[in-house]
Amino acid sequence: SSDLDATTIGNAASALEALSSKPNIDKAAYKDSRAKNKTGLQHHKEGHDDLAVKNFFAAYKLNPFDPEIADNLGYVLYIVGDYAAAKKAYLAALIHSARRASAWGGLAKVYAVNTIPDKAGNAFALAFQFSKAPKTLRQTLLASYREEQIPTVKSAVGAALAANYSAVVAKALKSAMGNLETVEIP
């Protein structure tokens, strides 16, 4: 049953998080890392992803234990096309926060770029599993699907959306609607 799977996955996430070290960070380094993260977000918002990468990386070097900073670094590295570095950043985020839905979604896209659809599908499933706002995640992925230029990523995002829509349809409606996983998203 999916409840057992959700429990098993939740337990595995808890075990991972318990293993990750959370050392005391110097207060000045912590404050500086958060400031560089904020500057990186501003650069990204302004379309200067090269500067965003530099700020997020500087923030990460100051505080490699902050999953938000690692996730942001992965996100802009993916945007600039450095998929190998993006994968490392997303994994760094997940080591410290195994339930970080945005990092799972980003890692899924990296797997899709590298044409590993089964890992992409699993990572997207984990993004939905850990998302605190699945409806917002669906809307974000739908926008991503419409804008995506890389065919393997577009296909993986579409498959993830179809699988999620299929999973959330009430059992009584499934027989009437058929298998939604085979439906092409417009």
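Set aside the neighbours within four places in sequence, and N72 is in contact with N37, L41 and F56. This is a predicted model, and N72 sits in helix α4, which covers residues 67-79. The N72 residue is buried, because its relative accessible area of 14% falls under the 20% cut-off. From there, this briefing moves on to the loop after α4, then to helices α5 and α8.

**Around the end of α4**

- Y75, I79 and V80 together make a nonpolar surface patch of about 260 Å².
- V80, one of the patch residues, lies in the loop between α4 and α5.
- With a relative accessibility of 45%, V80 counts as partly exposed, since that class runs between the 20% mark for buried and the 50% mark for exposed.

**Helix α5**

- Helix α5 takes in residues 83-96, and its 14 residues should span 20 Å at 1.5 Å a residue.
- The end C-alpha atoms of α5 are 20 Å apart, so the expected and actual spans agree.
- Quite a list of α5 residues is buried: A86, A89, Y90, A92, A93, L94 and H96.

**Helix α8: length and faces**

- Helix α8 runs over residues 134-147, and at 1.5 Å a residue its 14 residues should span 20 Å.
- Here too the check works out, because the C-alpha atoms at the ends of α8 are 20 Å apart.
- On the buried side, α8 has L137, R138, L141, L142, S144 and Y145.
- Look down the axis of α8 and those buried residues fall within an arc of 165°, so they line one face of the helix.
- Turned away from that buried side is a face carrying the exposed residues K135, R146 and E147.

**What α8 packs against**

- The buried residues of α8 pack against three helices: α6 (101-113), α7 (117-130) and α9 (151-168).
- R138 is a handy residue to follow here, as its place is in α8.
- Despite being an arginine, R138 counts as buried, with 17% relative accessibility, because the cut-off is under 20%.
- Leaving out neighbours within four places in sequence, R138 is in contact with F128, L161, N164, Y165 and V168.
- Of those contacts, F128 falls within the residue range of α7 (117-130), while L161, N164, Y165 and V168 fall within that of α9 (151-168).

Definitions and conventions
Residues are numbered from 1 along each chain as its sequence is written. This is a predicted model: local features need pLDDT of at least 70, side-chain atom pairs count only at pLDDT 80 or more; totals for chains, interfaces and linings use all residues. Side-chain values use heavy atoms; hydrogens and water are left out. Helices (H or I, at least four residues) and strands (E, at least two) are DSSP runs, numbered from the N terminus. The expected span of a helix is 1.5 Å times one less than its number of residues. Buried means under 20% relative accessible area, exposed over 50%, partly exposed in between (1.4 Å probe, protein chains only). The arc is that of the directions from the helix axis to the C-beta atoms. Contact means heavy atoms within 4.5 Å. Patches are made of residues with over 30% relative accessible area and no salt bridge: like charges are joined within 9 Å, nonpolar side chains (Val, Leu, Ile, Met, Phe, Trp, Tyr) within 5 Å. Accessible areas come from the Shrake-Rupley method with a 1.4 Å probe; for residues, only the protein chains shown count as cover. A salt bridge is a side-chain nitrogen of Lys or Arg within 4 Å of a carboxyl oxygen of Asp or Glu.
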